Each structure stands twice: as C-alpha cells, then as structure tokens.
Amino acid sequence: MAGKSSSKKTVAAKAKKVVKATKPAARSKTVDSGIKPAAPKAYAAVAVKDSRNGKNFELPILKGTVGPDVVDIRKLYGEQGLFTYDPGYGSTGSTQSSITYIDGDVGVLTHRGYKIEDLAENSDFMEVCYLLLEGELPNAKQKVEFEKNITYHTMLHEQIARFYQGFRRDAHPMAVMVSVVGALSAFYHDSTDIHDPRQRTIASHRLIAKVPTIAAMAYKYSIGQPFVYPKNELSYAENFLRMTFAVPAEEYKIDPVVAKAMDKIFILHADHEQNASTSTVRMAGSSGANPFACIAAGIACLWGPAHGGANEAVLKMLAEIGSTANIKDYIGKVKSKQDNTRLMGFGHRVYKNYDPRASVMRKSCHEVLDALGKRNDPLLQLAMELEKIALNDDYFISHKLYPNVDFYSGIILQAIGFPTSMFTVLFAVARTVGWVAQWKEMIEDPTQRIGRPRQLYTGYGERPYTPMNKRK
Ligand code: CMC
C-alpha cells in the first residue's frame with residue numbers, strides 16, 4: 001500500500017526545513033533491569049537524491065543481531081523536511097528490542113534467542129514468563145522464587161469483584177477484561193512509580209498474576225456461577241482451569257493432558273514482537289501512563305478479528321461452513337473477495353511461510369482431541385479438510401497464506417470446554433507477559449520518546465469560515 005501511494009506528489013514538498021533533532025527526554029530516575037541490548041551500529045548508508053531540488057543526502061543503515069538491516073530516518077524530518085509514509089507500518093521499525101525475533105519468510109520465532117518449538121516442548125509458561133521479563137531462563141532457585149512472587153499476587157481486591165455486577169450478564173468477556181484490567185490502575189495508582197525498577201517489577205508480577213483471575217471471573221459472571229478463588233499450590237495453567245471450571249458443589253479434578261495443552265497455548269501466545277496490541281501498549285506507555293491502563297489498551301486492540309479475535313472468528317467461520325460439502329463454495333467466496341470474506345486463521349502480516357506456533361498447536365490439537373476421545377470431532381474434520389484444500393489452492397499459495405496459530409487454538413479450546421467468547425480472553429491472559437516485558441523494555445530504553453507519528457495530510461488547505469446561512 002505504501003509503495004503505491006509514495007509516488008504521489010505529496011504536500012510534504014512544502015514541509016519546513018527546520019529543527020535540530022531534539023534530544024530524547026532525560027529519564028534520570030530510570031534504572032535499567034540489567035538487560036543490555038546491543039546498541040545498533042551504523043555501518044553503511046543509503047544514498048538518496050531528492051528529485052525536487054537535486055539535493056543528495058545519506059541515511060545511515062543500522063544492523064541488528066539478525067534480521068533485515070534498517071534505514072535510520074530519525075533525522076530525516078529535521079534535516080530534509082520530509083516525513084515517511086507507511087500506513088500499517090509494513091516497512092517501519094518502531095523500536096529496538098531484544099525480546100522476540102521473527103523471520104516470517106522462513107517461519108522462525110524466537111524469544112531471547114530460544115526457538116518457540118523448543119520452549120513449547122521443554123519449558124513451562126512460568127519459565128517463559130521469566131525468560132521474557134528477565135532475559136534468561138531461570139535456574140531452579142530463581143524459578144521457585146518467581147513462582148512465589150506471581151502466586152503471591154493472584155487474588156484481587158474484594159472491591160474489584162463488585163465491578164462485575166455492573167455489567168450485563170451477556171457482556172462480551174473481552175469488554176469485561178478491558179474494563180477490569182484498566183480498573184486495576186485505580187487500585188495501584190499511587191504505588192506505581194514507573195521510574196522505580198522495583199515498582200515496575202511488582203506491577204509486572206501483579207498483572208501476570210491477576211489477569212487469569214479476572215478472566216476466569218468474567219467467565220463465571222457470564223454463566224451465573226460463583227467466583228472461584230485462586231489456589232496457589234497449583235500451576236498457572238491448572239489454577240486458571242480450576243478458577244474457570246470448578247464449582248463449589250464438587251471437587252474439581254484437573255486433567256493433566258488439558259493442563260499441559262493450556263500451558264502450551266499460553267507459551268505459544270506469550271509474545272510476538274511489535275504486533276498491533278504490543279505497539280498499542282508501547283504507544284500508551286510512551287506517555288508515562290499507568291501500566292495497568294496501558295495493558296488494558298493492549299487488550300482492546302487484541303480484541304479485533306484481524307488480531308487476537310481471529311480464534312473466535314475461526315470457529316464462527318467453521319460453523320458457517322457447516323460441512324465439508326460446503327468448503328468449495330466458501331473458498332470460492334474468499335477468492336472472489338465476496339463481502340470481503342477471508343479465510344480466518346489464515347495469513348499473517350509477518351509470516352509468509354508456516355507460522356511456527358501453528359505447527360506446535362496443530363500437533364497439540366490432535367493430542368488433546370485424542371486424549372479427550374474427540375478425534376472424530378466434526379469441527380476438527382472440517383478444519384483439516386479446509387486446511388488441506390487451502391494449502392493446495394493457487395490463490396492461497398500465491399498469496400503466501402498459511403494457517404496461523406489461531407486456526408488450531410480455537411479447536412483445542414472448544415474441546416476443553418471454553419465458549420468461543422473466551423478464546424480471545426485466553427490470548428490476552430497469555431499475552432500479558434509479552435506486553436509487560438515490552439512495556440518494561442520501553443521504559444528502560446533511554447532513547448525512547450513519546451510515540452507520535454506524523455501524517456500525509458490530504459484534507460483542505462486553509463479556507464474562510466462558512467457562516468451557518470451559507471452552509472449547504
Ligand atoms: N483469506 C483470504 N485472503 C487473504 C487473507 C485471508 N485470511 N489474508 C490476506 N489475504 C489476501 C488479501 O485479500 C490481499 O489480497 P490481494 O493482494 O489480492 O488484494 C493479500 O492477501 C494481502 O492482504 P493484506 O490484508 O494486505 O495482508 P495483511 O498483512 O495486512 O493482513 C492479516 C494480515 C492477519 C490481518 C490477514 O492475513 C487476515 O485478515 N487474516 C485472517 C485473520 C487472522 O487469522 N488473523 C490472525 C493473525 S495471527 C494472530 C495474531 O498474531 O494476532
């Protein structure tokens with residue numbers, strides 16, 4: 001999109017040549033957490049000729065650890081009076097980061113250098129949380145300490161439970177999540193000095209610990225069952241399942257296969273680089289806002305069907321298709337772009353190859369359905385047939401559309417017993433650690449300034465005010 005539009009004669013030609021690049025605001029009180037990202041080095045340059053005036057200038061090229069080099073345009077406006085134009089940020093790096101790396105062309109995802117497949121196979125979610133936040137996998141002592149810190153914060157202030165009464169009981173649980181997580185800022189406002197590393201850590205732990213409790217309560221409220229308090233002897237995934245599915249009248253037995261699958265789902269969704277919701281969290285946090293409010297902003301962004309809402313949309317799509325006999329028609333509708341129909345759970349802005357999370361999720365999906373005796377689940381059969389047809393269809397091949405993580409997660413979640421409206425909530429529970437880790441990294445980066453993109457203005461130029469009696 002950017003490419004097509006960049007050839008337009010732009011109003012940028014009129015831009016003022018002013019301003020020495022201003023220094024980033026000092027953050028004297030901020031102490032970093034000890035994670036030292038490699039400072040990007042300018043090692044080459046792109047030579048640019050401005051055809052309007054024949055002026056030549058250079059833009060430095062920076063090298064990261066891996067991945068495409070980036071052109072440093074930080075001084076472009078100050079020195080040349082030009083903005084860049086990149087709606088949807090397809091070619092724009094918004095920050096430097098040392099947390100997560102994605103190579104979408106080959107389908108690689110790593111956290112702090114570890115492949116997602118290895119983490120899903122060998123770690124549990126708490127280890128992955130520690131890795132994202134602290135930069136390294138925990139040793140045995142660190143892990144015990146970290147789990148203690150998280151479980152210490154799993155309960156909510158009793159007053160928070162009263163918020164739920166204010167929602168209609170059919171409120172979408174994501175609406176409840178946005179509100180209640182945002183409301184945590186009212187409880188931890190004065191005690192959250194974002195420039196104090198200790199308080200940042202406590203806010204991070206509180207968020208990771210409390211979000212599952214809030215999510216389970218949203219579910220309980222929607223079905224009219226009493227809230228179930230957390231039980232700290234359980235693992236993160238077990239505790240969440242219990243808070244969601246236990247009732248006071250019966251003893252709740254945790255199925256280890258389900259708990260393992262839940263843990264894996266959390267790992268696979270823990271972080272995903274500078275996606276829409278993470279960038280939203282960073283943008284909100286860049287103004288110095290309260291971290292609980294920033295995470296609520298991320299949850300709001302995640303809700304959309306193009307992002308975290310896709311797992312819910314996949315199940316709706318499968319229900320709409322109904323049976324394998326209708327797949328051909330549905331694919332035809334997608335290919336002809338009828339009513340903007342898309343194959344939900346397919347395609348990704350970054351992955352132009354198999355989403356590595358989808359491969360793990362696919363395997364887990366079969367394992368869970370086998371263990372639950374649902375191998376012949378019609379939904380799974382339908383999904384597998386759809387996947388087969390789409391992967392062999394020219395449209396999907398030429399557009400590089402592969403199944404993404406959400407194509408399979410909904411099927412597992414439904415088999416476990418979650419209603420579709422809870423799917424995106426589970427994504428939010430898992431992604432909270434990623435948002436928090438990225439927020440912390442941003443606050444600790446001395447070069448980070450308030451996020452403030454510019455625009456290509458295409459509206460009216462200045463014109464005289466129209467009085468009421470002259471308006472059409
Ligand atoms: N089904 C059919 N066609 C598609 C699809 C799809 N799922 N996704 C992209 N396309 C086509 C699109 O019509 C366009 O075709 P053309 O060039 O002929 O006009 C081309 O592919 C590029 O599409 P785009 O919208 O420019 O691609 P994008 O990078 O902006 O969008 C996406 C990425 C994930 C929003 C999109 O692939 C999509 O809508 N997928 C379905 C929703 C989904 O599964 N989202 C979950 C993403 S994974 C979870 C997460 O990380 O949030």
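Biologist: In the hairpin of E5 and E6, which residue takes a positive phi?

Modeller: That residue is Arg112, whose phi is near 50° in this predicted model, and the hairpin it belongs to has two residues between its strands.

Biologist: Which residue plays that part in the hairpin of E4 and E5, and how many residues lie between those strands?

Modeller: There the strands are separated by four residues, and Gly107 in the turn has a positive phi of about 80°.

Biologist: How do these strands fit together, and in what order do they form their sheet?

Modeller: They make an open sheet of three strands, ordered E4-E5-E6, and the pairing is antiparallel. At the edges, pairing on one side only, are strand E4 (100-103) and strand E6 (114-115). E4 pairs with E5 over four bridges, while strand E5, residues 108-111, is joined to E6 by two bridges. You can follow one residue across the sheet, for Tyr101 stands opposite Thr110 in E5, and Thr110 in turn stands opposite Lys115 in E6.

Biologist: What should I keep in mind about side chains when I look along a strand?

Modeller: The general idea is that, in a regular strand, side chains alternate between the two faces of the sheet. With that idea in hand, you can turn to another sheet of this model, an open one of three strands in the order E1-E2-E3, again with antiparallel pairing. Its edge strands, each of which pairs on one side only, are strand E1 (41-50) and strand E3 (70-71).

Biologist: How many bridges join E1 to E2, and which way do these strands run?

Modeller: Nine bridges join E1 to strand E2, which covers residues 55-63, and the two run antiparallel. To trace this pairing on the model, begin with Ala42, which stands opposite Leu62 in E2, and then go to Lys49, whose bridge partner in E2 is Asn56. The hairpin of E1 and E2 has four residues between the strands, and Gly54 takes a positive phi near 75° there.

Biologist: Over how many bridges do E2 and E3 pair?

Modeller: E2 and E3 pair over two bridges, in the antiparallel sense, and one pair of bridge partners is Ile61 with Val71 in E3. Their hairpin has six residues between the strands, with Gly67 taking a positive phi near 95°.

Biologist: Turning to the ligand, which residues come nearest to it?

Modeller: The ligand has 22 residues around it, and those that come nearest are His307, Lys337, Leu343, Arg349 and His399. Sorted by class, this shell holds nine nonpolar, eight polar and five charged residues.

Biologist: How far is the polar side-chain atom of Lys337 from an oxygen atom of the ligand?

Modeller: The distance for Lys337 is 2.7 Å. An N or O atom in the side chain of Arg349 is 2.8 Å from a ligand oxygen, and a polar side-chain atom of Asn404 lies 2.9 Å from an oxygen atom of the ligand. Taken alone, the ligand exposes 940 Å², of which the protein buries 75%.

Biologist: What is the average pLDDT of the protein?

Modeller: The average is 89, and 92% of the residues score at least 70. Residues 1-33, however, have a pLDDT below 50, although this stretch has 44 contacts in the model beyond near neighbours in sequence. As a general caution, predicted coordinates should not be read in detail where pLDDT is low.

Methods: Residues numbered from 1 in each chain as written. Heavy atoms only, no water. Near = heavy atom within 4 Å. Polar contact = N/O pair within 3.5 Å; in protein donor to acceptor, adjacent residues only side chain to side chain. Areas by Shrake-Rupley, 256 points an atom, 1.4 Å probe, with all protein chains shown as cover. Nonpolar A, V, L, I, M, F, W, Y, C, P; charged D, E, K, R; others polar. pLDDT = per-residue confidence, 0-100. Contact = heavy atoms within 4.5 Å. Pairing = 2+ DSSP bridges.
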